[in-house]
Amino acid sequence: MSVRSKLSDTGRRWAALALIVAAMVSLKLALLAADAVPFNSDEAIVGLMARHILHGERPAFFYGQAYLGSTDAWLVSIAFSIIGPSVLAIRLVQIALFAGTLITTYAVARRLGLAEPGARLAVLLMALPPPLLTLYTTATLGGYGETLFLGNLLILTARSLGAPHASRITYSAGSLLRWALFGLLAGFAFWTFGLILIYLIPIALWLLHRQRLSAWPGYAVAGLGFAIGSAPWWLAFGQMGSALIGELAGSAVASTVAAPTLLGSLGVRLLNFFVFGAAAWFGLRYPWSPEFIFPLIGLTIAALYLAALVYAVRRGSRLLWGMIGVLLIVYLTTPFGGDPSGRYFLPLYLPLSIFTALLIERLRARQTGWLAGFLVVFLLSYNVVGAARAALQKPPGITTQFDAVTWIDHAHDRELIDFLLAQGETHGYTNYWVAYPIAFLSGEQIVSAARLPYHLDFRYTRRDDRYLPYTQAVSDSLRAFYVTTNHPRLDALIRERLSERSVVFQEKRIGSYQLFYGLSRKVEPEDILAER
């Protein structure tokens, strides 16, 4: 093949990949233009962290917790420094990360043996995916986008680390540098989000199987690189100790597990993995709803994905199967198995897309190209229509919230902010899902302490109060408002307790928000909720 021909083929490959990325970007921008993805509190915290980084703050972790490193906030701060702080800037960072994930997915597919058409198809299936992946690569919870991208980079780096089963391996400076790079990348990814273990554990086992113990110099260099890359985590461990391990092991979601013991909750975890989680993974249901999107069509989609998994049992990469196995073990042995949303399945879109591409390419090779083409169009149409259907149902829209009580109509956020500012109300008490979006959107002119419960049974955790400077500012303020959402019993309790204390106040309803303002004297949440 001539140089000109090779360049022409390379240009065509890159052009095809660029078109796929453009299709992804078009879908994302269409959803953003339709205001289909609510700006919720977890995302607002990332935005607030990014703004504070530009003002000199240096957070190591997501506010109020000891896992989920601040990588996403640092990236968003770069976007803020270029185009200014906005929700759009946050979302553009997520789109850029996902573009990187798509490009590296192509490289991973090729390295794992897929031919050019199959690798492109795997990327296309990722680019126009089920709603679960669309959601978490459009809105951010602080690290999912980075994990997908860094996970692909780790696979690619690991594939370059020497020859398999060599009895004697000679380490050059270049070889050790690759091991060091792998370790640094792995450590950085671990600090960014512990979910990277879904990649790291099977990669480590694969490397050990491939090179045995003869690669110990490389392992040592990678271990040193890991320690350096994850340095913020180790520094925090020195201060917090077992609490940090508990966070990594899922203590924050422990309350979602139905029973306190492993055996008692095993049935729930199996159900969450094989029914709720897998259904969201395949796109049969939305992450925020237990109901099937299109039940009959969904069963056909499930059959296709199951056929792809069966086909890949003997033909798929052991590394990719290892990712599925590790997630299953994590679900069965940790509190993360109590989460039915499916969000921890996000890394598994890599094996699912590659395995599905393998099956479809096999059908194409058997002179059933028409069937292969139909299946591709069928899958992609189902995914896009599912996303469009969710975008039209507001609230909740395409939301990260799987508890209906937290579905807030954010179309009224600006109206609430303007009203509060007009009344001179800049400090107050509310719940987690109100405090931080309002703080970000108001440019922190309005700050609240997340001291009110949002659960209808009045459950509350101090973890909701994520940013102590806000709490201190409200504590120092001479007056404070109350804002609730979707909680009539709490509204009634606030009225009752204020009246009992002869506090004069005013009320106003703005969309999902119930506002109590103009209090004649400040009342603390403890006085409202005491002896309820």
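This passage describes the packing, backbone geometry, surface and salt bridges of a predicted model.

The interior is considered first. The largest nonpolar core holds 155 residues, and of these Leu154, Ile203, Trp281, Met323, Ile354, Ile398 and Tyr436 touch the most other members. Helix H4, which runs through residues 87-111, gives the most to this core, with eleven residues. A second core, separate from the first, is made up of 16 residues, among them Ala449, Val474, Leu498 and Ile528. The surroundings of Met323 can be listed in detail: when residues up to four places away in sequence are not counted, Met323 touches Ile155, Ile198, Tyr199, Pro202, Pro347, Leu348, Leu350 and Pro351.

Helix H5, formed by residues 116-127, has twelve residues and reaches 17 Å from its first C-alpha to its last, which is close to the 16 Å expected at 1.5 Å a residue. Nine of the twelve residues of H5 are buried, so this helix is largely enclosed by the rest of the structure. The buried residues in H5 are Glu116, Gly118, Ala119, Leu121, Ala122, Val123, Leu125, Met126 and Ala127.

Helix H4 also contains Ile95, which has a relative accessibility of 7% and therefore counts as buried, the limit being under 20%. Not counting residues up to four places away in sequence, Ile95 touches Met24, Val25, Lys28, Leu29, Leu32 and Thr137. Ile95 and Ala139 are 44 residues apart in sequence, while their C-alpha atoms are 9.2 Å apart in space. Leu88 lies in helix H4 as well, but Leu88 has a relative accessibility of 47% and counts as partly exposed.

Leu88 also belongs to a nonpolar patch on the surface, which is formed by Leu29, Ile78, Ile82, Ile83, Leu88 and Leu92 and has about 560 Å² of accessible area together. The elements that give two or more residues to this patch are H4 and helix H3, the latter spanning residues 71-83. The largest share of the patch, three residues, comes from H3.

The backbone is considered next. Most residues other than glycine have a negative phi, and most peptide bonds are trans. Asp35, which is not a glycine, has a positive phi of about 55°, and this residue lies in the loop between helix H1 (3-33) and helix H2 (41-54). Phe458, which is likewise not a glycine, has a positive phi of about 70°. The position of Phe458 is in the loop between strand E2 (447-450) and helix H20 (468-476), and Phe458 counts as buried at 12% relative accessibility.

Cis peptide bonds are found in the loop between helix H17 (369-392) and helix H18 (413-422), where Pro395 is located. One such bond joins Lys394 and Pro395, with an omega of about -15°, and another joins Pro395 and Pro396, with an omega of about 10°. Pro396, too, has its place in the loop between H17 and H18.

Turning to charged side chains, the count of salt bridges comes to 15. In one of them, the side chains of Arg91 and Glu43 meet at 2.6 Å, N to O. This pair links distant parts of the chain, since Arg91 is in helix H4 and Glu43 is in helix H2, 48 residues apart. Both Arg91 and Glu43 are buried.

Asp457 forms a salt bridge with Arg459, and the closest N and O atoms of this pair are 2.8 Å apart. Asp457 is partly exposed, having a relative accessible area of 43%, and Arg459 is also partly exposed, with a value of 47%. A further salt bridge brings together the side chains of Glu507 and Arg495, at 2.7 Å from N to O. Glu507 lies in strand E4 (residues 506-510) and Arg495 in helix H21 (residues 488-500), so this pair ties together parts that are twelve residues apart in sequence. Glu507 is partly exposed, with a relative accessible area of 32%, and Arg495 is partly exposed at 30%. Finally, salt bridges that share partners join Arg13, Arg110, Glu116 and Arg120 into one network; of these residues, Glu116 is one of those buried in H5.

Note on methods:
Residues are numbered from 1 along each chain as its sequence is written. This is a predicted model: local features need pLDDT of at least 70, side-chain atom pairs count only at pLDDT 80 or more; totals for chains, interfaces and linings use all residues. Side-chain values use heavy atoms; hydrogens and water are left out. Helices (H or I, at least four residues) and strands (E, at least two) are DSSP runs, numbered from the N terminus. The expected span of a helix is 1.5 Å times one less than its number of residues. Buried means under 20% relative accessible area, exposed over 50%, partly exposed in between (1.4 Å probe, protein chains only). A nonpolar core is a set of buried Ala, Val, Leu, Ile, Met, Phe, Trp, Tyr and Cys residues joined through side-chain atoms within 4.5 Å. Contact means heavy atoms within 4.5 Å. Patches are made of residues with over 30% relative accessible area and no salt bridge: like charges are joined within 9 Å, nonpolar side chains (Val, Leu, Ile, Met, Phe, Trp, Tyr) within 5 Å. Accessible areas come from the Shrake-Rupley method with a 1.4 Å probe; for residues, only the protein chains shown count as cover. A salt bridge is a side-chain nitrogen of Lys or Arg within 4 Å of a carboxyl oxygen of Asp or Glu.
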